[in-house]
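Trainee: Could you take me through one part of this model closely? I would like to look at the cavities and the chain contact around them.

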Amino acid sequence: MRASAAAAFSRDAWARRLPLLPAFIYVFLVTQVPFVLTIYYSFFSWNLLKPGSFQFAGLENYSALLTNESIRTAIWNTVLLTLAVIGFSVVIGLGVAVLLNSEVFGKGLMRTLMIAPFLIMPTAGALIWKDTLLNPLFGLLPYLLTPVGLGRVDIVNQFPMVTVVAVEVWRWTPFMMLIILAGLQSQNPEVLEAARVDGANAFQAFRRITLPLVRPFIELGALLGSLFVVQTFDSIFMLTFGGPGEDTTNIPFLLYLVAFQGFSIGQASAIGVVAVIITTIVATFALRTLFSIFQIEARR
Amino acid sequence: MSEVAGRSKVLWSIVGWLVVFVFFFPVLWMWLEGFKTEPQAASTPPTILFVPTLAEFQEVLSGDFPPFFINSAIASIGSTLLVLVLGLPAAYALAIRPVKRSRDVLFFFISTRFLPFAASLVPLYLLARDLQLLDNILALVLIYTTINLPLGVWLLRSFLLEIPHDLFEAARVDGASFHHEILRIVVPLIAPGLAATSLICLIFSWNEFFYAVNLTSSVAATAPLFLVSFISGRGLFYAKLAAAATLASLPVLLAGWIAQRQLIRGLTMGAVK
């Protein structure tokens, strides 16, 4: 009797598990196996162009990373790019979200147009910026800046990091705006009204009531955004190709260069492991925020 | 509305529209340049008034662009279908009749989405090489499925949680099978959710560049790669570039605008509605 109950129980457990398994196994195989292989390769010296060069190298790839100027530059560029892009896009996104949440004409159309930069293919957006807006000879911006004496400057080459940051801020501000706007719209307008009645001015009401309410949404936007921005590749490839020199080479781009221009599989894998470590730190915070928002939503 | 409130509405509207104009301008400029002739697109001062021409669009479409576009369509639609087929049952097992430790499973799924692409590129490249899948669109279909599946599972789960539980109890009393529940109850009820999930998946896979540039070269190259050929080009090619960029961006722009209401939900894995 007891045995059959246990059998029924385990049958039920498997009936529950079965629909999950295909997706679970698929994701497991395609993400975890390559990741383990990356760790494995990172202990080998292997140049793809040299057959038979596959040999155990211990921690050599990692010690090379420690002494390598390129990786330090790439880590620094990654951190700088991510912080700058997230910082600017959160601040501007917050501003636009507040505007779109207030009484303005044509809110719906504003929102629709505003999200376009996020939807445009990143490679296409980067090309448009580089060739039609920033090109020193034919671009629109140098032309507009000529009267102020700034014209005909090769912006992309002289300020490569500023350019990449600007294009990425252009792309990520709509993302931040959408998330923060959702937070603002979840606010009960009566609370703000009550604060007004109590004599709080608009700024006080914003700081004391609105901002604490949208804070989890800002955090979520910043953390999710940084997980994407850490991986920036498309716009660097199109705008600067990591240069001039290594001025805009971040970790994904360095990995691309080492793996597919230098064909050093072991070295590239070690860089991949470093990328995972950095991302895991950010992701841990992101997931915690995600779950806390789930709980806020569930309580409502 | 009082006069003061009316005046502040006008003021803030102007500020708002200025900001929106700045952000939308590059997109607008891309469209405009695409409808110009090459000399107009590269003129100083910039041509503002002109008779629009479809010449560059025609040239792009009659040239070598269509195969890239078709590859993008195969990779995006193929992977999106796979996400739905694999993701819906999984979401069911995490929402309707949850498995044990379903929270851990959810956590696992989403953590794979945050694993940097850089971490798996090298092994996937070597694997694709050994399986004769380099420059084969199937490789991108399979990889994009992996990228979007965690997102799909989370999103579909958030839609499934909104179905009243009684419906399933009733169906089970009637002896409905799993397939019956999925096809007769789940699919009709979350049809908008399925559409939203598909659009989000399409957006991510259509624009993907990192794997595409490293795993394909000519036969299976996708739309973003077509644009790469413009980097090295010199001389008068801005109108053609803009026309190509417009065409390459169009599907996602439309999908995003159609799914506007669901976009935020998709981008936050269903956490924000």
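Mentor: Start with a term. A cavity is a set of grid points where a 1.4 Å probe fits but cannot get out. Its volume is the space filled by probe spheres set on the points. Keep in mind that this is a predicted model.

By this rule there are four cavities of 30 Å³ or more. Take the second largest cavity. Its volume is about 140 Å³. The lining has 13 residues. Closest to the centre are Thr31(A), Ser120(B), Thr146(B), Ile147(B) and Tyr211(B). So which elements give two or more residues to this lining? Chain A offers helix H2 (21-41). Chain B offers helix H5 (102-113), H6 and H7. By class, the lining of the second largest cavity divides into eight nonpolar, four polar and one charged.

Now the largest cavity. About 510 Å³ of space lies in it. Its lining has 26 residues. Arg171(A), Phe228(A), Asp234(A), Phe117(B) and Phe204(B) are the closest to its centre. Several helices give two or more residues to this lining. From chain A these are helix H10 (160-185), helix H12 (202-229) and helix H13 (234-239). From chain B they are helix H6 (117-130), helix H7 (137-160) and helix H10 (191-207). H10(B) gives the most, with four residues. The lining of the largest cavity has 15 nonpolar, six polar and five charged residues.

Both linings draw on chain A and chain B. Look next at how the chains meet. In chain B, 94 residues are in contact with 95 residues of chain A. Together the two chains bury about 8,900 Å². Carbon and sulfur atoms hold 79% of that area. Which three residues supply the most of what chain B buries against chain A? They are Trp17(B), Phe23(B) and Phe114(B), with 8%.

Polar links are there too. There are 15 residue pairs in polar contact between chain B and chain A, both residues at pLDDT 80 or more. The salt bridge count between the chains is one. In that salt bridge, the side chains of Arg97(B) and Asp12(A) meet at 2.9 Å, N to O.

Finish with the side of chain B that touches chain A. Helix H1 (residues 3-34) of chain B gives the most to this side, with 17 residues. By class, this side has 71 nonpolar, 14 polar and nine charged residues.

Technical notes
Residues numbered from 1 in each chain as written. Chains lettered and ligands numbered in written order. Predicted model: local features only at pLDDT ≥ 70, side-chain atom pairs only at ≥ 80, totals over all residues. Heavy atoms only, no water. Contact = heavy atoms within 4.5 Å. Buried area = accessible area lost by both parts, 1.4 Å probe. Salt bridge = Lys/Arg side-chain N within 4 Å of Asp/Glu carboxyl O. Polar contact = N/O pair within 3.5 Å; in protein donor to acceptor, adjacent residues only side chain to side chain. Nonpolar A, V, L, I, M, F, W, Y, C, P; charged D, E, K, R; others polar. 1 Å grid on protein atoms, 1.4 Å probe; cavity = no way out; pocket = protein on both sides within 12 Å on 5 of 7 lines; lining within 4 Å.
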